[in-house]
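This report first takes up the chain as a whole and then turns to a local feature of its strands. The sequence and the model are shown below.

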Amino acid sequence: MKKGFLLLSMMVAGSCMAQVQYPINPVPFTYVQVTPESFWGQRLQASRDVTVPLAFTKCEETGRYRNFELAAQQLQGKGSDTVQVRGFSFDDTDVYKTIEGCSYLMQSFPNLRITVERQGVPCTVYAKDYIDSVLTIVASAQESDGYLYTARTMNPYNPHKWAGANRWDKVEDLSHELYNLGHMIDGAVAHYQATGKETFLKLARAYADCVCRTIGPEPGKMIRVPGHQIAEMALCRLAAVTGDKKYLQEAKFLLDRRGTTQHRAYYNQSHRPVLEQNEAVGHAVRAAYMYSGMADVAAMTGDTAYVGAVDRLWEDIVSKKMYITGGIGSTKNGEAFGAPYELPNMSAYCETCASIANCYLNHRLFLMHGDAKYYDVLERTLYNGVLAGVSYDGGRFFYPNPLESAVQHNRQPWFGCACCPSNICRFIPSVPNYIYAVRSADVYVNLYMASDTEFKVEGRTIEIEQQTNYPDDGYVKIYMRKVRPSMNLKLRIPGWLRNHPVPSELYEYTDGKRPSYNVKVNDKIVVTQTDEMGYVTISRDWHIDDKIEITFDMEPRIVKAGPKVSADLGRVAVERGPIVYCAEFADNLGYDVRSIILNQLPKFSLNKKIITETFSVPQLVTDAQVLQFNNRGELQSRSVQLNLIPYYAWNHRGQGSMTVWLPQELRATTPVMPPTLASRSAVNASYKSYSVSAINDRLVPKDQEDYNLAHYEFDKKGGMQYIEYTLPKADAIKSCTIYWYEDKDSGVRVPKRWRILYKAYDGSWHPVAGANHYTCYKGVANTVQFNAVITPAVRLEVFQQDDAKSGLFEFEVK
């Protein structure tokens, strides 16, 4: 194999794919060398140098390790019943997931060194030694029967509020005892396969054995199912690694009994038995993890009923509930799937973890069925839904991934609920494992990625080298460096090239283009036809250094959503290859990208856009118009150049407006409104946030259920909060209007009361006189009229409900 490559020998993060025998199998634990300066080489480098070390540092900074130490003290008789169990009941999993991701890297770099911060001091250590030290802490917290759950053990007298008084009391709700087990197994298996050490694997098996002894169908055991699924996948993985079928039986039991226990909820897909479910509902991550576990159980047991159920649920997602980015889970309420075709943009949730889970699911279904349509979804999700969740340098993260923003969204260096950053830790290093798959003499090339790969086909070693700049361009060169004389090379022809953005009618191309492709073998064009599964198959007697060249037309395409997706009516999206584009403020200064209207027949040019010193992307340029009202209230338009960048690249240059779905009809655009007294005023608030700009952006909700607008909310519950406008100059005011925002599931409610104050010339604040009423209705105009007063500033005081914080869309002053 060639030198100068990043060596990756890995299995799929969070899956048992390298062991579970599917009809088709991914290339397992082979050597995949990814070209360092390539698209994915740079991201893998960021994962190794930044993301994984950062995650370990955060585990130390945020007390994740301390939880294990406190639990150990309790087991040693040195604990206290006054220890406060803080954080989340699943905080242990951040440790497990980071070990998993680092283990994938160690399979490539056995002498990997990482730099972590200990008490604020950078320290460079060998990754294997660092993990050994962490595992010593983890092991100290395990109880004698294998139970390992620090949220209870550190203070069994007063455990985490989600844990319940006794073990398993709330496992079907929010204790996450089985969820923790799932991630523990995944991390342990990865560590074992990277190092050959059984240290972590023994800990995970002990906890799994504890579960198998306690929960199951046999007399004397509890009937319980996970409140948050993932243990099903992990137990399959453990069964495959150890050869112990009891773990598979436990996984199947957890699925078989779901929807039959006392706890029934759409939120975690326990509303009915899994084989009777036809619609994807509830928490999107839980759902996709469960569907993936169903596929694993089906593969290991041959249970075709599970296959049929997963197929139905997948069809529901891709035909009714998936974003153009591959994101799933449209609503913040429960981080859940919405109703069919409920796909709002600004309030889109699209949790990064859900996109990762969507990749897991589609990979499994491909291995089950061999249809390229699953890879079409996987590729779309990978390049858009997943990659947007982490910054190019690997150090900042999105939890939700909206398709439109005013100013309120910004990647963060970490989260209190850190499931997404730690999931990125374990997923990105595993991406090269999705490139190839094998069935008998068939070799599937599913992802186009600059790399050099060696694996076996029917016992014979082959080596394939890919040279490509994909997805930046559509030219791929493949060299057969070692060959099996007779085999079938199956090249995936992406759905976007076959005029199918997704394998359903949810989205369609409307530009009338018919892109093409060609395939050459040793410089000669071969007659190729895509089969019904989406592949071009080349069957021949192969020779060393045979060359295959693939050229995909990679033109900008116009996409329209189906008519039932109300949020996108009158709008279009722009794609190029697998990449979804967006318009962002930083490239379109002088106007709000949400106020444009795209030409009816747009033409695009392509250039290179430098995002940061080390990060550049292909940029699309086209013509558009900005609509705005002048001071007389007349609607005017002006021509502008609209610049588009890949969606994954947004929010690298500060906070501002962004949109994926571009208005192409008048009904969809939002013209810039004339300046108002509020929009011309300087804003001050008790809670300083970029999102405060929403309150005077002159945009108000259409009705009480319109959440597709920017809003501002205070950061603390209860008490009084305020917003102040300093007017351009002293002026007479006589009314104010508030549009209250409410999201009860997130703890945001309309206030108990509010009032308006004006600023006297001595700087003191006084309530306005003659106020008629202060109403508190969400999403509509709450107008108070009062005696006119000349003032240089006006103040809104909000008296919040004791157990909630308040928010608002707009604060108008007249």
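## Overall dimensions

In this predicted model, the chain has a radius of gyration of 28 Å, which agrees with the value near 28 Å that a compact globule would have with 814 residues. Taken along the principal axes, the box that the C-alpha atoms of the chain fill comes to roughly 90 × 75 × 55 Å.

## Secondary structure and contacts

The chain holds 33 strands and 14 helices. When contacts between residues at least 6 apart in sequence are considered, 72% of them join residues at least 24 apart.

## Burial, surface and charge

Buried residues make up 61% of the 814 residues of the chain. The area that the chain exposes is about 29900 Å², and carbon and sulfur atoms supply 48% of this area.

As for charge, the chain carries 88 negative side chains and 89 positive ones, and the centres of these two sets lie 2 Å apart.

## The hairpin of S4 and S5

Strand S4, which covers residues 113-118, runs antiparallel to strand S5, which covers residues 121-126, and 6 bridges join the two. Within this pairing, Glu117 has Pro122 of S5 as its bridge partner.

Together S4 and S5 form a hairpin, with 2 residues lying between the strands. In the turn, Gln119 has a positive phi, with a value of about 55 degrees.

Definitions and conventions
Residues numbered from 1 in each chain as written. Predicted model: local features only at pLDDT ≥ 70, side-chain atom pairs only at ≥ 80, totals over all residues. Heavy atoms only, no water. Helix = DSSP H or I, 4+ residues; strand = E, 2+ residues; numbered from the N terminus. Rg over C-alpha atoms; globule rule 2.2 N^0.38 Å. Buried < 20%, exposed > 50% of the residue type's maximum accessible area, 1.4 Å probe, protein only. Contact = heavy atoms within 4.5 Å. Areas by Shrake-Rupley, 256 points an atom, 1.4 Å probe, with all protein chains shown as cover. Lys, Arg positive; Asp, Glu negative; His and termini not counted. Charge placed at Lys NZ, Arg CZ, Asp CG, Glu CD. Pairing = 2+ DSSP bridges.
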